Amino acid sequence: MRREKQREMLERIRERLASKTTDMAPFALQVPASHYVSGEQTEQEIDALFRKRPLLVALTPHLPHPGDYLAHDVIDTALLLVRDQDGKARAYLNACRHRGARIAEGQGHKSSFSCPFHAWNWGLDGKIIARPNSHEGFAAAESRYDELIEVECHETAGLIFVLLEGEGIEAQVDQLVGDVLPDLELFDIPGTVYIDRRSTELACNYKFFLDGFAETYHIAPLHKNSISPFCYSNSTLVDRMREVVHLMSPRKTIDREFEKPAEDQRSPLPYCTTEYLIAPNVLLTHQVDHIQFWRVYPVDGADRCLVELNVFWPGPLDDDAERKAHLNVDLVWDVTTKEDFPQSVSIHSNLASGALPDLVFGRNEPALIYYHQNIARAIGSERLIPSMKSGKTAPSRQWLTRAGDSQQERRGFASERSLPWSINVENM
Ligand code: FES
Ligand SMILES: [Fe+2]
């Protein structure tokens, strides 16, 4: 993030904190239960967003050196990410061209890949090296069995994307994240070191996982005994950057930064959770001094998901930094699994039961509105996020204006009353 932008963001934060407000969307948004629990919609999302758009699957420090690899499944597609001898990140189907076995598992370093089934040996360039003990049995086979199937892959600013269907990944990645690359370059993701990962399956739609990170409105009530004492609740900057939703949420220590005499030395970054919500399934976070990379995939339809956290720390690490980094992985995972994830699961079950017809995002939750609009737009859905005509009263209006008791909560929903309750795909 450029210096000038940092100063601008810091001033916006200062203004928000001083006025006890948060960035607001121009409208509140009603979201029907089907947006989360429909198997048909999930299939549409998988097709449009997971298969036909570039997906951010790894960061450069997953594969820092030639020969480094990462086996990674994108829903039902097993991929093998590899840094080849020339330093290029490449993606192959993790499927041997003999009879389809996975040629590698996990993460590590190899000079070549030996298939566990019959020991065909594959190079980092995806080409066959040897078929041991095959008695020339494949000499007459077509040459396509000599190469792993390659998937389009593009690496930029420390991000590694793949494209499962279609072509032109570089232009598509630029379309998706071009606006955030200057921010990310400052974070020097390639200079960070992979620390560790955690993963779990949750009984909820994959979008609920991201919803939990797209607002700070819940910090004070839900995290009152964990992170709330350190973080401001419901004072967050939110910007749309093409398909990415950008959030900056300050910690209470940011007050110190405002006291620095030289304005050009002030930066919000060491005092903020700086998030990039990249539809459909990634949350990339610069957290004070390190990087958290969250990915989520639907599992077997609408009602389950697989969440994974990867943590990266600025390198090189001494022993103290390494201890701190590992402790951080445990702390983050502890808070999210004990406090955030149970909410996602309980909301999903209420919607899936059919008892709850819809839910609503307030104007004070703009990142949620923008993220879900991105999803709806990608699948061409107007019916899934219905338009409510100007002047009509939302069915749950009374419930909305009664709900909660904080000043900021009232402000978030009350302002909506003076606006037309209106949203459709043209507003996106
Ligand atoms: S399946 Fe890989 S060598 Fe047979
Ligand atoms: Fe949370």
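This is a walk through a structure, one selection at a time.

**The whole chain**

Start with everything shown as a cartoon. The model is predicted. The protein chain has 12 helices and 19 strands. Of its 428 residues, buried ones make up 40%. Among contacts between residues at least 6 apart in sequence, 66% join residues at least 24 apart.

**The seven-stranded sheet**

Select strands β12 to β18. They form an open sheet in the order β12-β18-β17-β16-β15-β14-β13, and the pairing is antiparallel. At the edges are β12 (192–202) and β13 (237–241), each of which pairs on one side only. From one strand to the next, the twist averages 15 degrees.

Add helix α9, residues 319–352, to the view. Helix α9 packs on this sheet and touches β12, β17 and β18 (305–314). The direction of α9 makes about 25 degrees with that of β12.

**Strand β15 and its partners**

Now select residues 272–278, which are strand β15. How many of its residues are buried? Seven of the seven are, so a surface view will leave this strand mostly covered. Show the side chains: C272, T274, Y276 and I278 point one way from β15. T273, E275 and L277 point the other way, and these too are buried.

Add β14, residues 244–250, which is joined to β15 by seven bridges and runs antiparallel to it. To find one of these pairs, select V244, whose bridge partner in β15 is I278.

Then add β16. Six bridges pair β15 with β16 in the antiparallel sense, and L277 has L283 in β16 as its bridge partner. Follow the backbone from β15 to β16: the two form a hairpin, with three residues between them.

Moving along, β16 (residues 282–287) is joined to β17 by six bridges, again antiparallel. Here H286 can be found opposite I291 of β17.

**The nonpolar core**

Select L81, L277 and Y371. These residues have the most contacts inside the largest nonpolar core, which has 97 residues. Helix α10, residues 366–378, gives the most to this core, with seven residues. Colour domain 1 (3–52 + 179–427) and domain 2 (55–164) separately: both give residues to the core, so the core lies between them. As a general point, nonpolar side chains tend to be buried together in soluble globular proteins.

Centre the view on L81. What is L81 in contact with, leaving aside its neighbours within four places in sequence? The list is V57, A58, L63, Y69, L70, H72, A89, A91 and I160.

**Helix α3**

Next, select residues 39–51, helix α3, and look along its side. Where is the kink in α3 centred? The kink is centred on E45 and is about 25 degrees. E45 is also among the buried residues of this helix, together with Q41, T42, I46 and F50. To see what surrounds them, add α2 (34–37), β2 (55–59), β3 (68–74), β17 (290–298) and α10: the buried residues of α3 pack against these elements.

**The loop with R102**

Select R102, which is in the loop between β5 (89–93) and β6 (107–109). Is R102 buried or partly exposed? R102 has 17 other C-beta atoms within 10 Å, so R102 counts as partly exposed; a buried residue would need 20 or more. Show A78, N94 and A95 as well, since R102 touches them, not counting residues up to four places away in sequence. Then draw a distance between the C-alpha atoms of R102 and A71: the two residues are 31 apart along the chain, and the separation is 9.2 Å.

**The three-stranded sheet**

For the last stop, select β7, β8 and β9. They form an open sheet in the order β7-β8-β9, with antiparallel pairing. β7 (112–114) and β9 (128–130) are the edge strands, each pairing on one side only. Ignoring direction, neighbouring strands of this sheet are turned by 35 degrees against each other on average. Between β7 and β8 (residues 121–123) there are three bridges, and the two strands run antiparallel. To find one pair, select S112: its bridge partner in β8 is G123.

Note on methods. Residues numbered from 1 in each chain as written. Chains lettered and ligands numbered in written order. Predicted model: local features only at pLDDT ≥ 70, side-chain atom pairs only at ≥ 80, totals over all residues. Core = buried A, V, L, I, M, F, W, Y, C linked by C-beta atoms within 7 Å. Buried ≥ 20, exposed ≤ 12 C-beta atoms within 10 Å, placed from the backbone. Helix = DSSP H or I, 4+ residues; strand = E, 2+ residues; numbered from the N terminus. Domains from an automatic or database assignment. Contact = placed C-beta atoms within 7 Å. Bend = angle between axes of the 7 residues up to and from the residue. Pairing = 2+ DSSP bridges. Axes fitted to C-alpha atoms, helices over the stretch in contact; angles between N-to-C directions.
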